[in-house]
Amino acid sequence: MTAHVNIMQNPEEVRRAAAHIAEQLPGSFRPELVLVCGTGFGELADMFRCIRALPFGDIPGFPHATVESHAGHIIAAYLGENPLLLQQGRCHLYEGYTPAQVCMGVRAAYILGARSLVAVNAAGCLNPQWNAGDLMLIADHINCTGTSPLVGLNHDPWGPRFPDMSRVYDREYQQIALEAAQAIGIRLERGVYVGVLGPELESPAQTRMYRQAGADAIGMSTVLEVIAARQLGMRVLAFSCLSNKNLPDCMEETNLEDIIATVQASSEKMVRLLGASLPYVLRGAKSL
């Protein structure tokens with residue numbers, strides 16, 4: 001009897017999605033990076049010169065964004081003369097998607113030419129010394145989703161079966177972001193992000209546990225995309241907007257509307273930070 005193998009990789013679907021995106025773009029367009037934006041950050045598209053917006057639903061096999069705060073578009077754009085892809089909105093495990101579906105945008109962008117991933121998310125603040133509305137540079141992560149986009153038979157063209165994760169977030173890119181924040185007068189924390197399944201928000205006991213494990217912020221995205229990107233050999237830079245503060249001994253109630261409002265109030269800072277950082281990231285510079 002042949003043992004059952006759970007095939008979780010989806011290279012054919014990713015290739016079809018990438019081919020469809022390419023057909024909608026000028027033949028000379030080859031993105032240098034992909035910027036993935038989460039809850040409340042849809043307006044980041046305004047900082048770029050956009051040439052084409054493709055709804056997720058128009059891309060064959062691409063998962064649909066079911067969360068209202070995620071617009072659900074792949075946008076081809078320029079920052080100055082540099083081409084890039086903007087993924088406006090995400091799909092999440094808690095929506096019922098597989099890890100492979102969650103990472104389709106990153107993998108399709110790689111096929112189209114992107115060699116760097118910049119990820120932006122909203123996250124709960126676990127560090128008691130920080131506040132809601134602060135920005136955090138992700139220096140490392142803890143994957144508590146219970147899964148990985150690498151589960152199943154490995155697709156060797158995407159990278160090794162057991163990719164190294166000792167330097168997940170690019171140190172040169174981090175230095176660029178820290179110098180950019182200092183230059184424009186924005187406070188930028190640096191910490192560890194823990195990714196969880198969701199969609200429920202964490203309890204006081206969970207907050208205490210994740211904090212004791214070394215996490216500074218918590219969210220329901222990003223880690224799977226980053227793992228997929230690192231297997232592909234992409235350089236990664238990521239930021240969180242701390243959307244609510246979790247103090248386990250005096251926990252305050254929150255809801256999605258309040259989280260979105262906090263993120264939107266901080267979006268101007270994120271736009272300024274990305275505007276100061278991305279030109280140097282696109283150049284592959286080591287620092288400002």
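Begin with the second largest cavity of this predicted model, whose lining, sorted by class, consists of seven nonpolar residues, two polar residues and no charged residues. To bring this lining up in the viewer, select Ile21, Val34, Phe62, Ile74, Leu85, Gln87, Gly105, Ala108 and Ala109, and you will be looking at the residues around a space of about 40 Å³. Colour β4 (82–88) and α3 (104–112) next, since each of these two elements supplies at least two residues of that lining. The helix α3 gives the most, with three residues.

Stay with α3 and select the whole helix, which is mostly covered, as eight of its nine residues are buried. The buried residues are Met104, Gly105, Val106, Arg107, Ala108, Ala109, Tyr110 and Leu112. If you now show their surroundings, you will find that these buried residues pack against α1 (11–23), β1 (33–37), β4, α2 (99–102), β5 (116–125) and α6. Then step just past the end of the helix to Gly113, where the backbone takes a positive phi of about 130°.

From here, move to the largest cavity, which is one of two cavities of 30 Å³ or more in the structure and has a volume of about 100 Å³. Its lining is made up of 14 residues, and a good selection to centre the view on is Val102, Met220, Ser221, Thr222 and Leu224, which lie nearest the centre of the cavity. Select helix α6 (residues 223–231) as well, because the largest share of this lining, three residues, comes from that helix. By class, the lining of the largest cavity divides into eight nonpolar, four polar and two charged residues, whereas the lining of the second largest cavity, where the tour began, has no charged residues.

For the last stop, select Arg272, which has its place in helix α7 (residues 256–283). Is Arg272 buried, partly exposed or exposed? It counts as partly exposed, because its relative accessibility is 34%, a value that falls between the limit for buried, under 20%, and the limit for exposed, over 50%. Which residues does Arg272 touch, once those up to four places away in sequence are left out? Add Ile184 and Ile186 to the selection, as these are the residues that Arg272 touches. Finally, look at the C-alpha atoms of Arg272 and Ile186, which are separated by 8.7 Å although the two residues are 86 residues apart along the chain.

Methods:
Residues numbered from 1 in each chain as written. Predicted model: local features only at pLDDT ≥ 70, side-chain atom pairs only at ≥ 80, totals over all residues. Heavy atoms only, no water. 1 Å grid on protein atoms, 1.4 Å probe; cavity = no way out; pocket = protein on both sides within 12 Å on 5 of 7 lines; lining within 4 Å. Points joined across faces, edges and corners; volume = space filled by probe spheres on them. Helix = DSSP H or I, 4+ residues; strand = E, 2+ residues; numbered from the N terminus. Nonpolar A, V, L, I, M, F, W, Y, C, P; charged D, E, K, R; others polar. Buried < 20%, exposed > 50% of the residue type's maximum accessible area, 1.4 Å probe, protein only. Contact = heavy atoms within 4.5 Å.
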